[in-house]
Amino acid sequence: MSRFDEEIDRYGTHSVKWDMMERIYGVPAQDGGAKDGLAMWVADMDFRPPTCVQSALQSMLDHGVYGYYGDDQSYREAIQWWMQTRHNWTIDPKSIFTTHGLVNGVAICLETYTAPGDGVVLFTPVYHAFARTIRAAGREVVECQLTQGEAGYEMDFDAYDAQMTGKETMVILCSPHNPGGRVWTKEELQGVADFARRHDLILVSDEIHHDLTMPGHTHLPMPLVDESIQDRLVMLTAPSKTFNIAGAHCGNVIIADETLRARFAARMMGLGMSANSFGLFMTEAAYSPEGAAWVDELVPYLDVNRKLFDAGVNAIPGLKSMVMQSTYLAWVDFSGTGMTREEFTNRVQNEARIAANHGPTFGTGGDSFLRFNFATPRARIIEATERLQAAFGDLQ
């Protein structure tokens, strides 16, 4: 039995994923029946982090004094070690900024490098918080829609070039892609770099899922694609998805270019920001050989979950789970059922009693989709596929 098979009851723990799904989706986590709700929406895992992270927190508790954090050299070196050993990416520890998660990092990038009314390019459908944050900052979302190919989503730069008006100042890339699960090729990433250069855009590359690539696929950090893009590149990474510590709200903005770095530092100073010590201790502990061994155990487990979920979903006529190369998020297309979005969503939520993210929140191209999180014990994956097959049983 794998450590990831343990079913941990998260109900009543202030978990967004479990405690908010009834309010948002009408799916109660517990009603005392055999069909208690399954939370498959928020992108966190139902697994405990590695022991090294738990031990770091226990040491803090045992010490019992929670003052301001100082001397972050070992924290920066841990990040540097992780990127070098896991991704062959050499970074300067001085280039690292710590934010309250990566959505916060995106928000600071918008404040630093764009102005109200500017256009910010997204390749949609894509992680929903990008558009929400852009609009809240008074900037305009420019949606460049991805096309579907044999391997999943693809980019059409000729079409995107035609969309540009000169008002755009930034492009945000999700690499690997959420929700489609694509691990972009070197050629595709070069296309993004060239696109940013052609239109004089700051390129923000959110690579939060970079550690969670399925066997047979390798993530390539943007700086390794084209070194000359560094003068307009801002990298976003975090341990949150990898180690299931999103509640620590600890993200890293890594900027090689000194001019871009100085602008970002000034904006953070103006916002009066400093890091949460709990997140720093957890990150340093995670980015270690013990943390690496845990990830090497996690990914094969997720891969089996992926295969089980895809097989169960794809057995239902009219449903198709997009080929997934990374993340723990399945992107399922219901268009083949001929149902309206309201009808297939109702069946998932009210008959299967599963809470999944609604596709339209990810932007243009997401209308016929739902996103399912399969980073949960395998018994729940089996249960979820059985419920979906029953809910769409009339299509069998």
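The following chat goes through cysteines, a helix and a methionine in a predicted model.

User: How many disulfides does the structure hold?
Analyst: The structure, which is a predicted model, holds 0 disulfides.

User: Why is Cys109 not in a bond?
Analyst: The closest cysteine sulfur to that of Cys109 belongs to Cys174 and is 14 Å away, which is too far for a bond, because a disulfide needs the two sulfur atoms within 2.5 Å. Cys144 is likewise in no disulfide, its nearest cysteine sulfur, that of Cys174, being 15 Å away.

User: And is Cys144 buried or exposed?
Analyst: Cys144 counts as buried, because its relative accessibility is 0%, and Cys109 counts as buried at 0% relative accessibility.

User: Switching to H8, what does that helix reach from its first C-alpha to its last?
Analyst: Helix H8 covers residues 186-198, 13 residues in total, and reaches 18 Å between those two atoms, close to the 18 Å expected at 1.5 Å a residue.

User: Which residues in H8 are buried, and what do they pack against?
Analyst: Glu188, Leu189, Gly191, Val192, Ala193, Phe195 and Ala196 are buried in H8. The buried residues of this helix pack against strands E3 (119-124), E6 (152-154), E7 (168-174) and E8 (202-206), and against helix H7 (157-163).

User: What follows H8?
Analyst: H8 is followed by Asp200, which has a positive phi, near 55 degrees.

User: Where does Met282 lie, and what is it in contact with?
Analyst: Met282 lies in helix H11, residues 277-286, and counts as buried because its relative accessibility is 10%. Leaving aside neighbours within four places in sequence, Met282 is in contact with Val53, Leu57, Ile245 and Ala248.

Terms used
Residues numbered from 1 in each chain as written. Predicted model: local features only at pLDDT ≥ 70, side-chain atom pairs only at ≥ 80, totals over all residues. Heavy atoms only, no water. Buried < 20%, exposed > 50% of the residue type's maximum accessible area, 1.4 Å probe, protein only. Helix = DSSP H or I, 4+ residues; strand = E, 2+ residues; numbered from the N terminus. Expected span 1.5 Å × (residues − 1). Contact = heavy atoms within 4.5 Å.
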